[in-house]
Amino acid sequence: MAKNSLTLESVRHSLIRQEDSIIFSLIERAHFPINSPTYSQSYVSNSIPAFSGSLLRFVVKETEAPLAKAGRYANPEEHPFFPEDLPPSVVPPHNFAKFLHPPAASININQDIWDTYINKLLQLFVAPGDDGNYASTAASDLVCLQALSRRIHYGKLVAEVKFRESPQEYEPAIRAKDRDTLMKLLTFEKVEEAVMKRVAKKAMMFGQEVTLNNDGNHGKYKVDPSVVSRLYGDWIMPLTKHVEVEYLLRRLD
Amino acid sequence: MANGVTLESLRQSLIRQEDTIIFSLIERARFPTNSPTYNESYVSSPTFSGSLVHFVVKETEALQAKAGRYANPEEHPFFPNNLPPSVVPPYNFTEVLHPPAALININKDIWDMYFKKLLQLFAAPGDDGNYAATAASDLVCLQALSRRIHYGKLVAEVKFRESPQEFEPAIRAKDRDALMKLLTFESVEEAVKKRVAKKAMVFGQEVTLNNNDNKGKYKVDPSVVSLLYGDWIIPLTKRVEVEYLLRRLD
């Protein structure tokens, strides 16, 4: 991610590649039923003395700790869901290009992403039921959460590139702390429509039953393409723009 | 699961696992080789020994063990020694496998195959510094491969139950070759290899709104996926089947 190579085109290219990651992660999660004990506050609290919260919280928190030691969060594109008490990295620091404006770089809206995923998104694409695989379900949720988090926080990169291209366009609204105007400047409905169409198409391609006989899939997909479209339209893109706005508001600090 | 497990339901599961394996390879291919991930001396810290991938896999498995993952007989850890016990209430996974045979774990061979042979076939050379994410990505591949290959125990059990008399002589004679022949259906294997190549094309293509002409570029080479299945996944699965059957009458 060298400074000179970051353009709106390369950022766009990365966002397109991240669509595949997100859709794969949803398809893999959909392999399990809802498995609600995974999200229940009381399911583990009796068994793990120092721990309160759901199995998902336990798995994510305890998985992020070794990843932090291994240097994952040195990459500014990665954001932990439980940043408090995260152990420091023990690996030699890698020279990730410093591209973001420091006062704005620390934005982390993972709490909102977590809430949206568990309370709104899961029920839209996961079947009811219980198969006992709560640990694997939680691991699968973490992959989804990380993919969503990376995409949404990419808004910082998008905002930085847009700002550098035409700072005068954004400066008045930033100085006026005018969120609405900034949101308007960042919204391109045609692009958003195209994204929603493309992710639906990808959900059809990646979620179909691929056989040697024929390609007639009878309209059955592992994740409903319209749900993926809606995920992008209702949550991913608005949350990304929220990050872009918050980033820009601090860009002149 | 005892009454619901048939050769057909197993076949369906194996087919679904093809998608999982291919997705995991595509996601790993997002990163270049990132060799510091595998270098034993990359990190020098008292709390850290071995390569980064060794550390990430071991720590992640310890946590997942506490969360109950390995209570499911379909899941096998890569570092089973000193794995912490599960702290969650035990789930009643149906006992299908014959206990003396259920303990087979060939993850060491899967690990070696993945890192020494497979990885170089589909990861581009290079270094982008994302070693932790690379290791996490490797773990997803390893777990998918491990689950599929160890599924051989279920396959062997179902095949044995369907016609025990077919297998018993070879089992008593400890005749691995005869058992391997009984478990090999070349036309089925050829179909699997074709199908996974097709899936690699469908899942690894660049999907755009404009047209479907991918110009033959795929995120993972379909012939590598075919090779993975033909040279490694299918033979290792059958090895598990043979080893399972050899203990089936104990």
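Colleague: How far apart are the closest N and O atoms of the salt bridge that B:Asp112 forms with B:Lys108?
Modeller: This is a predicted model, in which local features need pLDDT of at least 70, side-chain atom pairs count only at pLDDT 80 or more, and totals for chains, interfaces and linings use all residues, while side-chain values use heavy atoms and leave out hydrogens and water. A salt bridge requires a side-chain nitrogen of Lys or Arg within 4 Å of a carboxyl oxygen of Asp or Glu. For B:Asp112 and B:Lys108, the distance between the closest N and O atoms is 3.0 Å.

Colleague: In which helix do B:Asp112 and B:Lys108 both lie?
Modeller: Residues are numbered from 1 along each chain as its sequence is written, and chains are lettered from A and ligands numbered from 1 in the order in which they are written. Helices are DSSP runs (H or I, at least four residues), numbered from the N terminus. B:Asp112 and B:Lys108 are four residues apart, about one turn of the helix, and both belong to chain B's helix H4 (residues 107-122).

Colleague: Is B:Lys108 buried or exposed?
Modeller: Under 20% relative accessible area a residue is buried, over 50% it is exposed, and in between it is partly exposed (1.4 Å probe, protein chains only). B:Asp112, at 21%, is partly exposed. B:Lys108 has a relative accessible area of 60%, so this residue is exposed.

Colleague: About how many helical turns separate A:Asp234 and A:Arg230?
Modeller: The side chains of A:Asp234 and A:Arg230 meet in a salt bridge, with 3.1 Å from N to O. A:Asp234 is partly exposed at 42%, and A:Arg230 is partly exposed at 39%. Because these residues are four apart in helix H11 (residues 225-249) of chain A, the separation of A:Asp234 and A:Arg230 is about one helical turn.

Colleague: How many salt bridges are there between chain A and chain B?
Modeller: Over all chains, the whole structure has 38 salt bridges. One that joins B:Asp19 to A:Lys222 has its closest N and O atoms 3.0 Å apart. Between chain A and chain B, the count of salt bridges is four.

Colleague: What is the area buried between chain A and chain B?
Modeller: Contact means heavy atoms within 4.5 Å, and 53 residues of chain A are in contact with 54 residues of chain B. Buried area is the accessible area (1.4 Å probe) that two parts lose on being put together, summed over both. Carbon and sulfur atoms give 64% of the area buried between chain A and chain B, which is about 4,500 Å².

Colleague: Which three residues supply 13% of the area that chain A buries against chain B?
Modeller: The share of these three exceeds that of any other three residues. Two of them, A:Val210 and A:Leu212, are also in contact with B:Arg195, a residue of helix H9 (residues 186-204) of chain B. The three residues that supply 13% are A:Phe24, A:Val210 and A:Leu212.

Colleague: Why is the sulfur of B:Cys141 in no bond with that of A:Cys144, and what is the distance?
Modeller: A disulfide is a pair of cysteine sulfur atoms within 2.5 Å, and the structure holds zero disulfides over all chains. A:Cys144 is buried at 0% relative accessibility, and B:Cys141 is buried at 1%. The sulfur of A:Cys144 is the closest cysteine sulfur to that of B:Cys141, but too far for a bond because the distance is 16 Å.

Terms used
Helices (H or I, at least four residues) and strands (E, at least two) are DSSP runs, numbered from the N terminus. Lists of a residue's contacts leave out its neighbours within four places in sequence.
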